[in-house]
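Here is a walk through one protein chain, meant to be read with the model open beside you. Take a moment to turn it around before we start.

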Amino acid sequence: LTLDAGAVRAVVTSRRSLLPTGITGVSGRFHGGDVVELRDVEGSMVGRGVVAYDVAELATMLGRSTNELPEDLRRPAVHADDLVT
């Protein structure tokens, strides 16, 4: 997952959950429950985490705030408890 600068700060510095609004891109194939790499806009890895969504689901959510999403998709993409930086 590629993260914008705000998401990198939230995840790395503040140890916050990763929300879809901070994700600018997805690559590869993955399913909910898989471990994915989190990268900044330059491509440097900033962490890893267990993703809550399949790649197809997450691709439709990029950049959208939580309140713009259907209720069943209003959880973090990667919860802080499932994140390693």
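## A guided walk through the fold

Let's begin with how the chain folds back on itself: among contacts between residues at least 6 apart in sequence, 57% join residues at least 24 apart. Please keep in mind as we go that this is a predicted model.

Stepping back to the overall layout, the chain contains 2 helices and 5 strands. If you follow the sequence from its start, these elements come in the pattern β-α-β-β-β-α-β. The radius of gyration is 11 Å, close to the 12 Å that the globule rule gives for 85 residues, so the chain is as compact as a globular protein of that length. Along the principal axes, the C-alpha atoms occupy a box of roughly 30 × 25 × 25 Å. Burial and surface complete this overview: 32% of the 85 residues count as buried, while the chain exposes about 4800 Å², with carbon and sulfur atoms supplying 48% of that area.

Now let's look inside. In soluble globular proteins, nonpolar side chains tend to be buried together. Here the largest nonpolar core has 20 residues, and those with the most contacts inside it are L1, L3, L18, I23, L38, L58 and V78. Two elements, α1 (5-13) and β3 (35-39), each supply at least two residues of this core. The largest share, 3 residues, comes from α1.

L38 is a good place to pause. Leaving aside residues up to four places away in sequence, L38 touches L1, L3, V11, L18, S44, M45, V46, G47, R48, V78 and L83. Several of these partners have already appeared in our tour: L1, L3, L18 and V78 are among the residues with the most contacts inside the core.

From L38 we can move out along the strands. Which way does β3 run relative to strand β4 (residues 45-50), parallel or antiparallel? The two pair in the antiparallel sense, over 5 bridges. Within this pairing, V36 stands opposite G49 in β4. The two strands form a hairpin with 5 residues between them, and in the turn G43 has a positive phi of about 95°. On to the next neighbour: β4 is also joined to β5 by 2 bridges, and these two strands run antiparallel as well. One contact to find on screen is R48, whose bridge partner in β5 is V84.

R48 brings us to the charged side chains. Side chains of opposite charge can pair when their charged atoms come close. How many salt bridges does a search of the whole structure find? There are 2. In one of them, E37 forms a salt bridge with R39, with the closest N and O atoms 2.6 Å apart. In the other, R48 forms a salt bridge with E37, and here the closest N and O atoms are 3.7 Å apart. R48 lies in strand β4 and E37 in strand β3, so this pair ties together parts that are 11 residues apart in sequence. Together, E37, R39 and R48 are linked in a network of salt bridges. What about their surroundings? E37 counts as partly exposed because its relative accessibility is 31%. R39 falls in the same class, partly exposed, at 29%, and R48 is partly exposed at 41%.

Our last stop is in the loops. R15 lies in the loop between α1 and β2 (23-25). Most residues other than glycine have a negative phi, and most peptide bonds are trans. R15, however, has a positive phi of about 55° although it is not a glycine. At 38% relative accessibility, R15 counts as partly exposed.

One of the residues touching R15 is A80, which sits in the loop between α2 (55-59) and β5 (83-84). Is A80 buried or exposed? A80 counts as buried because its relative accessibility is 13%, below the 20% cut-off for that class. Not counting residues up to four places away in sequence, A80 touches R15, R16 and S17. For a sense of how far this part of the chain reaches, compare A80 with E68: they are 12 residues apart in sequence, and their C-alpha atoms are 21 Å apart in space.

Terms used:
Residues are numbered from 1 along each chain as its sequence is written. This is a predicted model: local features need pLDDT of at least 70, side-chain atom pairs count only at pLDDT 80 or more; totals for chains, interfaces and linings use all residues. Side-chain values use heavy atoms; hydrogens and water are left out. A nonpolar core is a set of buried Ala, Val, Leu, Ile, Met, Phe, Trp, Tyr and Cys residues joined through side-chain atoms within 4.5 Å. Buried means under 20% relative accessible area, exposed over 50%, partly exposed in between (1.4 Å probe, protein chains only). Helices (H or I, at least four residues) and strands (E, at least two) are DSSP runs, numbered from the N terminus. Contact means heavy atoms within 4.5 Å. Two strands pair if DSSP finds at least two bridges between them. The radius of gyration is taken over C-alpha atoms; the globule rule is 2.2 Å times the number of residues to the power 0.38. Accessible areas come from the Shrake-Rupley method with a 1.4 Å probe; for residues, only the protein chains shown count as cover. A salt bridge is a side-chain nitrogen of Lys or Arg within 4 Å of a carboxyl oxygen of Asp or Glu.
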